[in-house]
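Student: Please take one part of this model and look at it closely, residue by residue. Then work outward from there and say how that part connects to the rest.

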Amino acid sequence: MALPVEEWRLYAARRWAALEPVLRERLAAASLHDTLRLGCGLLRPEAAAVLRRLCRRTPAGKEPAAARFYREEGNRLFGRRHYGTAVRLYSQAASHEPPGSPEVSVCFANRSAALFHLRCFEVCLEDIARAESHGYPDRLLPKVLLRKAECLLCLGRLQDAADALSVVENKIAMDGIMTSPTHQTLLKKLSQLKIKIHEKESCPEPAQETCGDIQRKSENWEENDSISGASSSLSLNFDIERGRHLVASQDILPGQSLLKEEAFVSVLCPGESHLLQDSSETVWDTRVTNADLYCHRCLRQLLASVPCRGCSYAKYCSQSCADMAWEQYHRTECSLGALLLTLGVFCHVALRTVLLAGFAEVSRLVERSRDDDKDLHNPEARCKHLSEAPDTRAGTRSIPGCNDNGQYQSSYQAVFNLLPHAEKHSPEHKFLCMLSVVAICKQLQEAGLEAAVLNQESSEKWSKPKTCEKTLGELSPELKTMAEAMLRHMLQLQCNAQAITVMQESGSGDSAVVNKKPMRLATAFFPVLSLLNHSCCPNISVSFSGTAATVRASQPIPSGQEIFHCYGPHRCRMRVAERQQLLSQYFFKCRCQACLDELESDVKSVVSMRNSFCCPSCQAPVQGEEMLCCSNEACAISVSRESLSRRLRDLQQQIKKALELLRDRKADQAIKMLLKCQMDAGNFLSPGHMLMGEMEDHLAQVYATLDLRFLKL
């Protein structure tokens, strides 16, 4: 959920309505700085009670009783051989165990057993190591170490397996009692594994050849000197009508990479919850969400998560990711888990953005924005003098977001200079955002986390109370600065938030219709990607691998043409009225060619456009029933509808074969075939034909698959 829960929105609406008309007028016309100055005192004590009640619905703390329930439920399903579900439940149990609890080692050991049955041997070994490091009971250790030896054996690491067996032998010998049934079972297993190791050493398996298709050829990539992560084939331009935008500085081919950018900040969206297989409704929630399935830092899919040390919500793919998240932002966010879930993803992104930037950088840019732009209701005004600036390094220095060298980097400065459109948001929405960020900052102050927020390197500087600067309950000047930046970021997100998506199965079929759909996984700031303006008929596609975005050309782009991204509404999926309504949240009326064409056409012609052909010779529209005639008088070619329908059926078969290649892990071949299909389709299908949009979806899916494999190499 991007915005706060409904009850908090209703509370904010009632508070706004109860304000004196004069105060409402002042807040509506206020700059971001004055909004915070006027609004900080408007968060009354009853608001804290409302938030405490709402936070109880989304508990994020450690709960030993929940850990015990999830562990026992995992054991039950493990006994029924539902190993995948058991892994999820053991992960839930581990996330609820308090720090230092010996029971967490049991969760990891039990999870390793389920992972072994799933043949996830590498991950199983990681869990065994976790169980050992968390103090797994010595009397139970031989069984786990035998599992370790068997994993190593299955992975072909024979010497490591033999060493692990030696450790098991020594432990069993040290116990002294060799006649118990448990020991006899262990000794039998030990003997069997020794025999297997000897057999494998005698008859080594031939080395498997790696799949050549996955070995991706290195792309001819030349980085842009002025735009971080962008190809040298792009340039940054500015004009009053379009603002900052990217333009092709040379001819670009379909499939060519244009931008590779890591998100400055991203926050996982919990998403919908799903009931685990064979789990019934209980006092403890046995459903899973994206928060259980993806790493909260790098967004990799989770199999065996590493829990946060302080809360039950955050989960990570590795201890390294957990430690890095803790150092960068989570040690501040950890105790706010329920509050952040209540106030929505936009609030969470705003907080994490300022934590990653650091107080010094936030303060510098907030102070500069006050000095440079007294009229924050019109941030575009400071750019007007650029309309006549030459496209040179000297000119780009003055473009908001660029540094003193004229470089536009994926940095906090670039994020800060994304337009908040403060004057275009409704006063009620700004008031809601203001109350939300003030609530977070007050909670940080009351929890004693102000030092960590303001200066993580020298927290002593901020640890002393500043009684001379603030009264009891009032935000310190430093936290007001952070709150002002957070308010700016919340407003920016409405127009500049980028959804990080993953492809999710949505059923299957025999047609060329997409059998996967994009699912919103996280919300992020990509300052370079945000430079792209919208078109309902874009010339690029965007794919994601973790927190990284890759932009590729989806069609030939001649030098001088602007690079267009689709913000969601695409001409192949929606009519112009629907698109214009959805795009209203971005505070502009789309004037792309697709919208202009459709606005000039009636509804009937728009519907037919999505299923229509064009002239195979000049690509002009065709008219007629059985025989289709080119509408271009200079061309005047005629072609039968049946022949074009036959070409369409052949094209759909080719698309189906390309998707089969993708399923067979032959992504490179799938790309070549889809690009050829796209080129063929452009020769006889209208640009708005539904299949054109489907092919863009397929290409984005293939590129995402290829990026993910390349990342793992």
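Tutor: His421 has a relative accessibility of 11%, which is under the 20% cut-off, so His421 counts as buried. The model is a predicted one, and every value below is computed from it. His421 sits in the loop between helix H18 (412-416) and H19. Its phi is near 50 degrees, a positive value in a residue other than glycine. Most residues other than glycine have a negative phi.

A second loop residue can be set beside it. Gln619 also has a positive phi in a residue other than glycine, near 65 degrees. Gln619 lies in the loop between helix H25 (603-609) and strand E15 (622-623). At 34% relative accessibility Gln619 counts as partly exposed, whereas His421 counts as buried at 11%.

Back to the loop of His421, which leads to H19. The largest nonpolar core has 126 residues, and those touching the most other members are Trp8, Leu258, Leu351, Tyr412, Ile440 and Ile563. H19, residues 427-446, gives the most to this core, with eleven residues. In soluble globular proteins, nonpolar side chains tend to be buried together.

Which helix does H19 pack against, and at what angle? The partner is helix H22 (residues 477-496); the angle is about 140 degrees and the axes are 9 Å apart. An angle of that size makes H19 oblique to H22, because roughly antiparallel would require over 145 degrees. The crossing of H19 past H22 is right-handed. On the H19 side the contact is made by His429, Lys430, Cys433, Met434, Val437, Ile440, Cys441 and Gln445. On the H22 side it is made by Leu479, Ala483, Met486, Leu487, Met490, Leu491 and Gln494. Sorted by class, the contact of H19 with H22 has eleven nonpolar residues, three polar and one charged. Ile440 therefore appears twice, in this contact and among the residues that touch the most other members of the largest core.

Trp8 is another of those core residues, and its contacts lead back to H19. Leaving aside neighbours within four places in sequence, Trp8 is in contact with Leu43, Ala47, Val50, Leu51, Leu54, Leu343, Leu432, Leu435 and Ser436. Apart from this core lies another, of 44 residues, among them Phe69, Leu115, Ile128 and Ala131.

Trp8 also takes part in a helix pair. Helix H1 (residues 6-18) and helix H4 (residues 45-55) have axes that come within 10 Å and cross at roughly 165 degrees. H1 is therefore roughly antiparallel to H4. H1 passes H4 in a right-handed crossing. Glu7, Trp8, Tyr11 and Arg15 of H1 make the contact with Glu46, Ala47, Val50, Leu51 and Leu54 of H4. The residues of this contact of H1 with H4 divide into six nonpolar, no polar and three charged.

The other core can be followed through Leu115, which is part of a further helix contact. Helix H6 (residues 83-96) and H7 pack at an angle of about 165 degrees, with axes 9 Å apart. H6 is therefore roughly antiparallel to H7. Here H6 passes H7 in a left-handed crossing. H6 contributes Tyr83, Ala86, Val87, Tyr90, Ser91, Ala93 and Ala94 to the contact. H7 contributes Val104, Cys107, Phe108, Asn110, Arg111, Ala114, Leu115 and His117. By class, the contact of H6 with H7 has eleven nonpolar, three polar and one charged residues.

Ala114 shows this contact from a single residue. Ala114 is in helix H7 (residues 103-117), and at 0% relative accessibility it counts as buried. Not counting neighbours within four places in sequence, Ala114 is in contact with Phe78, Tyr83, Ala86 and Val87. Ala114 and Gly79 are 35 residues apart in sequence and 10.0 Å apart in space, C-alpha to C-alpha.

For the chain as a whole, the secondary structure comes to 28 helices and 17 strands. Buried residues make up 51% of the 713 residues, and His421 counts as one of the buried ones. Of the contacts with a separation of 6 or more, 67% are between residues 24 or more positions apart.

Terms used:
Residues are numbered from 1 along each chain as its sequence is written. This is a predicted model: local features need pLDDT of at least 70, side-chain atom pairs count only at pLDDT 80 or more; totals for chains, interfaces and linings use all residues. Side-chain values use heavy atoms; hydrogens and water are left out. A nonpolar core is a set of buried Ala, Val, Leu, Ile, Met, Phe, Trp, Tyr and Cys residues joined through side-chain atoms within 4.5 Å. Buried means under 20% relative accessible area, exposed over 50%, partly exposed in between (1.4 Å probe, protein chains only). Helices (H or I, at least four residues) and strands (E, at least two) are DSSP runs, numbered from the N terminus. Contact means heavy atoms within 4.5 Å. Axes are lines fitted to C-alpha atoms, for helices over the stretch in contact, and angles run from 0 to 180 degrees between N-to-C directions. Angles under 35 degrees count as roughly parallel, over 145 as roughly antiparallel, 65 to 115 as roughly perpendicular and the rest as oblique. A crossing is left-handed if the near helix is turned anticlockwise from the far one by less than a right angle, and right-handed if clockwise. Ala, Val, Leu, Ile, Met, Phe, Trp, Tyr, Cys and Pro count as nonpolar, Asp, Glu, Lys and Arg as charged, and the others, Gly among them, as polar.
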